[in-house]
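Okay, everyone, thanks for coming. Let's put the structure up and walk through it together.

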Amino acid sequence: MRPQTRAWLGQPALERFWRGVHERLERNGMQAKGRLSLKDVSDQERDAVALLMGRPYTGPALSIALAELDGQLRSSAAERGLIEVVVELRGPLTDRPALRDKRRAASETVWGSARRALHERGLDGLGWVVTWLDDVRRGGALARLDPDQGARLIVQAVEALAGVRPVREPAVTGRGELAERITGTAHGLDDGTLLARIVLRGLACAHDAEPPRDAWARRALWEAAGVTADQVSSTVLTYGLMPMGEDRTARHLRERSLDGAETHLTLRDLRDASWRLPEGLEVYICENPRIVEVAAGLRCPRPLVCASGNPTTVVLTLLDGLVSAGARLAYRGDFDWPGIAMANRMIGRYGARPWRLGAADYEEQVAAARSRGTPLQPLAGTPVAAGWDPELTPAMQALNAGVQEESALELLIDDLR
């Protein structure tokens, strides 16, 4: 375009006009059709548009047919159509309808692949899957990838979730082994990878938990689904277990128990164990390591396992082995909503006996704490019905006080003695 022509077309009086044309062309799919409307035009804007279109205009509003504008430009000193002029004056145009169609097609590539993979692996009927897919879609990370890459990633995530099937009875799997089977590399599910983040979000939905925010929470969530980083770093704290037999784990536990010492067992230890237990053995389960510490110090005779909060794979593996060998379990946790939810799972899974975990126990422990002047925190979160005692949840709602397990330390130690 000749400099003088470009300068005239680019004058300040036409700046708002061309901005509107640029916007309209993008919405039109870069087609010179439809009309541009401008309101509250100034005298200078009206005069400039009149000269451009070769006709007079009156009033505070203008309506310009883009097809007419295109023809006017072709026959003018510009000597080119509307699209070329707008690109030269305002920069590149984006075909928005085409871009929407492209994004829609890309989305269907990704989420269609996800739906097919979920159906093939029998996960599409699970309620948490809908929540998981919505979370991943809203996160937008897959939308920023090439569609084929996004589809491959979401299918790998489905395969990972199908491989661990978080259904409260996880089979132990190494994370590196799972990653290699799905991605071809043992590092495919390492912390920080997009695939690991998507899978963890799925596990959080499946376990009705918050997405993990730190390394400890990520590890705990993997382990809750039966996926371990290795078989030696994660342990379960025990005291007083005296299994019969001559395997390495049985001998080690007996020696430590006779010495009044606690024992940390790894998954590797549990793999080597062949449980033979005294008939009718009852094993007590607590959440807080302080209970184990005091019990060991006093050489309490009853065996104890510490779940350390939400039970991880190594904890569940030990308890599975004990129950399979004929042991009965007694479970104790915190009097708060997460504690009640965990107790529901443990009691439901193992048929465990609630250990000082009834409504009367709660009321007694609240009264004792208040008489000692111990401050109690109000209950937070959504109330959870206690499956073993219908009176417990109403009592907790009425008193609105959380009681941690160690608050009943003396009572628990009396039972263990």
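I'll start in the middle, with helix α7. The buried residues of α7 are covered by parts of the chain that include α6 (96-120), α8 (147-164) and α10 (194-206). Before going on, please keep in mind that this is a predicted model.

So which residues of α7 are buried? They are Trp128, Val129, Trp132, Leu133, Asp135 and Val136. If you look down the axis of α7, those buried residues fall within an arc of 160°, so they line one face of the helix. Turn to the other side of α7 and you find Gly127, Val130 and Arg138, which are exposed.

What about the length of α7? The helix covers residues 127-139, which makes 13 residues. From the first C-alpha to the last, α7 reaches 19 Å, and at 1.5 Å a residue you'd expect 18 Å, so the two are close. Just after α7 comes Gly140, with a positive phi of about 80°.

Now scroll back towards the start of the chain, to helix α2, residues 15-27. Here 18 Å is the span that 13 residues should give at 1.5 Å a residue, and the end C-alpha atoms of α2 sit 19 Å apart, which agrees. The buried residues in α2 are Phe17, Trp18, Gly20, Val21, His22, Leu25 and Glu26. And just after α2, Gly29 takes a positive phi of about 75°.

While we're on α2, let's talk about charges. How many salt bridges does the count come to? The answer is 29 salt bridges. One of them pairs the side chains of Arg19 and Glu15, at 2.5 Å from N to O. Both Arg19 and Glu15 belong to α2, and they're four residues apart, about one turn of the helix. Is Arg19 buried or partly exposed? With 38% relative accessibility, Arg19 counts as partly exposed. Glu15 is partly exposed too, at a relative accessible area of 34%.

Stay on Glu15 for a second, since there's another partner to look at. Glu15 also forms a salt bridge with Arg90, where the closest N and O atoms are 3.0 Å apart. This pair links distant parts of the chain, with Glu15 in α2 and Arg90 in helix α5 (residues 82-90), 75 residues apart. Arg90 is partly exposed, with a relative accessible area of 33%. There's a network as well: salt bridges that share partners join Glu23, Glu26, Arg27 and Arg96.

Elsewhere, the side chains of Glu246 and Arg254 meet in a salt bridge at 3.3 Å, N to O. Glu246 is exposed, with a relative accessible area of 56%.

Last stop, the cysteines. How many disulfides does a search of the whole structure find? It finds zero. Take Cys300, which is in no disulfide: the nearest cysteine sulfur belongs to Cys286 and is 11 Å away. Cys300 is buried, at a relative accessible area of 3%. Then there's Cys306, also in no disulfide, with the sulfur of Cys286 as the nearest cysteine sulfur at 4.1 Å. Why does that pair not count? A disulfide needs the two sulfur atoms within 2.5 Å, and the sulfur of Cys286 is 4.1 Å from that of Cys306. At 1% relative accessibility, Cys306 counts as buried.

That's my tour, so over to you for questions.

Technical notes: Residues numbered from 1 in each chain as written. Predicted model: local features only at pLDDT ≥ 70, side-chain atom pairs only at ≥ 80, totals over all residues. Heavy atoms only, no water. Salt bridge = Lys/Arg side-chain N within 4 Å of Asp/Glu carboxyl O. Buried < 20%, exposed > 50% of the residue type's maximum accessible area, 1.4 Å probe, protein only. Expected span 1.5 Å × (residues − 1). Arc of directions from axis to C-beta. Contact = heavy atoms within 4.5 Å.
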